[in-house]
Amino acid sequence: MESTIVQRIKSLDWSFHTNSLHEKGYTALPKILSANECDNLAAQYTQSDLYRSTVNMKRYQFGSGEYKYFKYPLPAIIDELRQSIYPYLSAIANDWMLRLGIHKAFPNHLGELLEQCHQIGQHRPTPLILNYNAGDWNALHQDLYGEVYFPFQVVFFLTQAQVDYTGGEFIMVENRPRMQSKPIVLQPNKGEAVIFTTNFHPVLGTKGYYRTTMRHGVSEVRSGNRINLGIIFHDAQ
Ligand SMILES: O=C(O)CCC(=O)C(=O)O
Ligand SMILES: [Fe+2]
């Protein structure tokens with residue numbers, strides 16, 4: 001992959017992905033990171049000076065496995081991904097707020113959103129790298145971290161299903177008011193990504209838009225090692 005991150009993000013079919021986010025609350029992106037970029041990010045898992053904290057998932061009953069939150073300054077590739085994807089999503093986020101009658105407008109640039117986070121004491125970076133071995137899993141959850149939050153996040157798959165690991169499907173559950181929940185199971189390839197709602201998804205009903213809430217997690221890894229990069233846009237308290 002010769003092109004810059006900005007060029008790769010720009011060349012995505014944003015009208016397709018925008019539609020898919022509106023319709024389903026998530027969208028699966030094609031390969032964005034090269035195998036080499038994935039390997040480098042995964043190999044940096046043990047480089048402790050890059051991270052501000054390490055979470056043992058079992059200890060907090062979040063599932064089983066381990067993840068680490070990056071420190072500022074973020075590695076350049078993560079910063080570029082986060083900055084370049086954000087503006088496409090802030091436009092959709094603003095449509096969602098209008099549809100749901102929520103008086104909230106997200107700025108067009110990530111820097112301004114982070115500024116809003118800082119003003120209310122949310123200073124800590126949220127991009128993270130997750131590492132699962134056989135038997136590990138991630139309980140259904142949301143990544144909100146404070147009063148200011150951005151309604152989308154992105155997860156990049158740094159290892160290859162059926163080669164590096166088996167099991168470990170990416171799971172989303174859409175909770176529909178007064179209806180049974182919708183399960184969504186994805187197993188993207190290495191270098192691919194999924195954009196999904198952090199909290200809720202506006203769905204058009206007979207009386208206008210209503211919200212469903214979505215949670216995400218990971219099914220048990222049956223064998224091997226699965227490493228993913230999560231990009232959350234808001235800073236944490
Ligand atoms: O490992 C995964 O695919 C789940 C990652 C996750 O929970 C996140 O990116 O917020
Ligand atoms: Fe998460």
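Among contacts in the protein between residues at least 6 apart in sequence, 78% join residues at least 24 apart. This comes from a predicted model, and it makes a handy starting point for a tour of the fold. The secondary structure comprises five helices and 14 strands. Along its principal axes, the C-alpha trace spans about 50 × 40 × 35 Å. The radius of gyration is 17 Å, which agrees with the value near 18 Å for a compact globule because the chain has 237 residues. Of these 237 residues, 35% count as buried.

The interior comes next. The largest nonpolar core has 53 residues, and those with the most contacts inside it are Phe-156, Ala-193, Val-194 and Ile-195. Helix α4, residues 76-99, gives this core its largest share, eight residues. In soluble globular proteins, nonpolar side chains tend to be buried together. Ala-193 offers a good view of the contacts involved. Leaving aside residues up to four places away in sequence, Ala-193 touches Leu-29 and Ile-32, then Val-154, Val-155, Phe-156 and Phe-157, and also Pro-188. One of these partners, Phe-156, is itself among the core residues with the most contacts.

Phe-156 also leads into the strand pairing, where β14 is a helpful strand to follow. Phe-156 stands opposite Leu-229 in β14, and β7 and β14 pair in the antiparallel sense over five bridges. Strand β5, residues 128-133, pairs with β14 in the antiparallel sense as well, over six bridges. In β5, whose residues are 128-133, Asn-131 stands opposite Ile-227 in β14. Strand β8, residues 165-167, joins β14 through three bridges, again in the antiparallel sense. Here Tyr-165 stands opposite Gly-224 in β14.

The strands β7 and β14 return in the surroundings of ligand 1. β7 (152-157), β13 (208-218) and β14 (221-232) each supply at least two residues of the shell around ligand 1. In sequence order, the surrounding residues are Leu-130, Asn-138, Asp-143, Gln-153, Val-155, Phe-170, His-216, Val-218, Asn-228 and Gly-230. By character, the shell divides into four nonpolar residues, five polar ones and one charged. Val-155 belongs to this shell and is also one of the residues that Ala-193 touches.

Some details of the backbone also deserve a look, and they lie in loops. The peptide bond from Tyr-72 to Pro-73 is cis, with omega near -10 degrees. Pro-73 sits in the loop between β4 (66-70) and α4, and α4 is the helix that contributes eight residues to the core.

Two residues that are not glycines have a positive phi. Gln-61 has a phi of about 60 degrees and is placed in the loop between β2 (51-56) and β3 (63-64). Gln-61 counts as exposed because it has 8 C-beta neighbours inside 10 Å, where 12 or fewer is the cut-off for that class. Tyr-145 likewise has a positive phi of about 60 degrees, and its loop runs between β6 (137-141) and β7. With 17 C-beta neighbours inside 10 Å, Tyr-145 counts as partly exposed.

Definitions and conventions. Residues numbered from 1 in each chain as written. Chains lettered and ligands numbered in written order. Predicted model: local features only at pLDDT ≥ 70, side-chain atom pairs only at ≥ 80, totals over all residues. Core = buried A, V, L, I, M, F, W, Y, C linked by C-beta atoms within 7 Å. Buried ≥ 20, exposed ≤ 12 C-beta atoms within 10 Å, placed from the backbone. Helix = DSSP H or I, 4+ residues; strand = E, 2+ residues; numbered from the N terminus. Contact = placed C-beta atoms within 7 Å. Near = placed C-beta within 6 Å. Nonpolar A, V, L, I, M, F, W, Y, C, P; charged D, E, K, R; others polar. Pairing = 2+ DSSP bridges. Rg over C-alpha atoms; globule rule 2.2 N^0.38 Å.
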